[in-house]
Amino acid sequence: AVTRYRVLGYFSNSNSKNGGSVDYYSLVQVQIDHGRQHQIRLHMSSMGHPLVSDSKYSAAFLKEDSRVTSRLFLHAAYLKGTLPPHGL
């Protein structure tokens, strides 16, 4: 499976409740060929850049990520697929 990505921006979130620590996040554009289940989540996590609030591949960061959002931060701008012919 191949995953291509491009960083579109960098963001920080200061947390005064946690001793003033700063959390850093990146907005990325991802393209996959022949998508496999959890491909984006697995590849990003294996590179050391897990998705925000990913309970499967970055459970250790869920508490910190919940300050940003309580749901998985993975969104599709568009999807492309081939429909089966009629009559199947």
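Me: Which side chains does the polar contact of 2.5 Å join?

Reply: Keep in mind that this is a predicted model. Here the side chains of Arg-41 and Asp-54 are joined by a polar contact of 2.5 Å. The two side chains also count as a salt bridge, with 2.5 Å from N to O. Asp-54 sits in the loop between helix 1 and helix 2, while Arg-41 is in helix 1, so the pair links distant parts of the chain, 13 residues apart.

Me: Is Asp-54 buried or exposed?

Reply: To read that, look at the relative accessible area: under 20% means buried, and over 50% means exposed. Asp-54 has a relative accessible area of 0%, so it is buried. Arg-41 is buried too, at 14%.

Me: What does Arg-41 touch, apart from residues up to four places away in sequence?

Reply: For a contact, you check whether heavy atoms come within 4.5 Å. With those sequence neighbours left out, Arg-41 touches Leu-51, Asp-54, Lys-56, Tyr-57, Leu-72 and Leu-74.

Me: Lys-56 is on that list. Where is Lys-56 found?

Reply: Look in the loop between helix 1 (39–46) and helix 2 (62–65). Lys-56 is exposed, with a relative accessible area of 52%. Leaving aside neighbours within four places in sequence, Lys-56 is in contact with His-38 and Arg-41. You can also check a C-alpha distance: Lys-56 and Leu-42 are 14 residues apart along the chain, and their C-alpha atoms are separated by 9.1 Å.

Me: How many salt bridges does the structure hold?

Reply: It holds three salt bridges. One of them is the Asp-54 and Arg-41 pair we began with. Another is between Asp-33 and Arg-4, whose closest N and O atoms are 2.6 Å apart. This pair links distant parts of the chain: Asp-33 is in strand 2 (residues 21–33) and Arg-4 in strand 1, 29 residues apart. Both partners count as partly exposed, Asp-33 at 25% relative accessibility and Arg-4 at 41%.

Me: And which side chains meet in a salt bridge with 2.5 Å from N to O, besides Asp-54 and Arg-41?

Reply: Those of Arg-67 and Asp-23. Arg-67 lies in the segment after helix 2 and Asp-23 in strand 2, so this salt bridge ties together parts that are 44 residues apart in sequence. Asp-23 is buried, with a relative accessible area of 15%, whereas Arg-67 counts as partly exposed at 33%.

Me: Now the surface. Which residues make the nonpolar surface patch of about 430 Å²?

Reply: Tyr-5, Val-7, Tyr-10 and Met-47 make that patch. Take Tyr-10 as your example: this residue is in strand 1 (residues 2–15) and counts as exposed at 65% relative accessibility.

Me: What about the whole chain: in what order do its elements run?

Reply: From the N terminus on, they run β-β-α-α. The radius of gyration is 16 Å, well over the 12 Å that the globule rule gives for 88 residues, so the protein chain is more spread out than a compact globule. If you box up the C-alpha atoms along the principal axes, they fill roughly 60 × 25 × 20 Å.

Me: How much of the chain do buried residues make up?

Reply: They make up 18% of the 88 residues. As for the outside, the protein chain exposes about 7,300 Å², with carbon and sulfur atoms supplying 54% of that area. And among contacts between residues at least 6 apart in sequence, 32% join residues at least 24 apart.

Conventions: Residues numbered from 1 in each chain as written. Predicted model: local features only at pLDDT ≥ 70, side-chain atom pairs only at ≥ 80, totals over all residues. Heavy atoms only, no water. Helix = DSSP H or I, 4+ residues; strand = E, 2+ residues; numbered from the N terminus. Buried < 20%, exposed > 50% of the residue type's maximum accessible area, 1.4 Å probe, protein only. Polar contact = N/O pair within 3.5 Å; in protein donor to acceptor, adjacent residues only side chain to side chain. Patch = residues over 30% accessible without salt bridge, like charges linked within 9 Å, V, L, I, M, F, W, Y side chains within 5 Å. Areas by Shrake-Rupley, 256 points an atom, 1.4 Å probe, with all protein chains shown as cover. Salt bridge = Lys/Arg side-chain N within 4 Å of Asp/Glu carboxyl O. Rg over C-alpha atoms; globule rule 2.2 N^0.38 Å.
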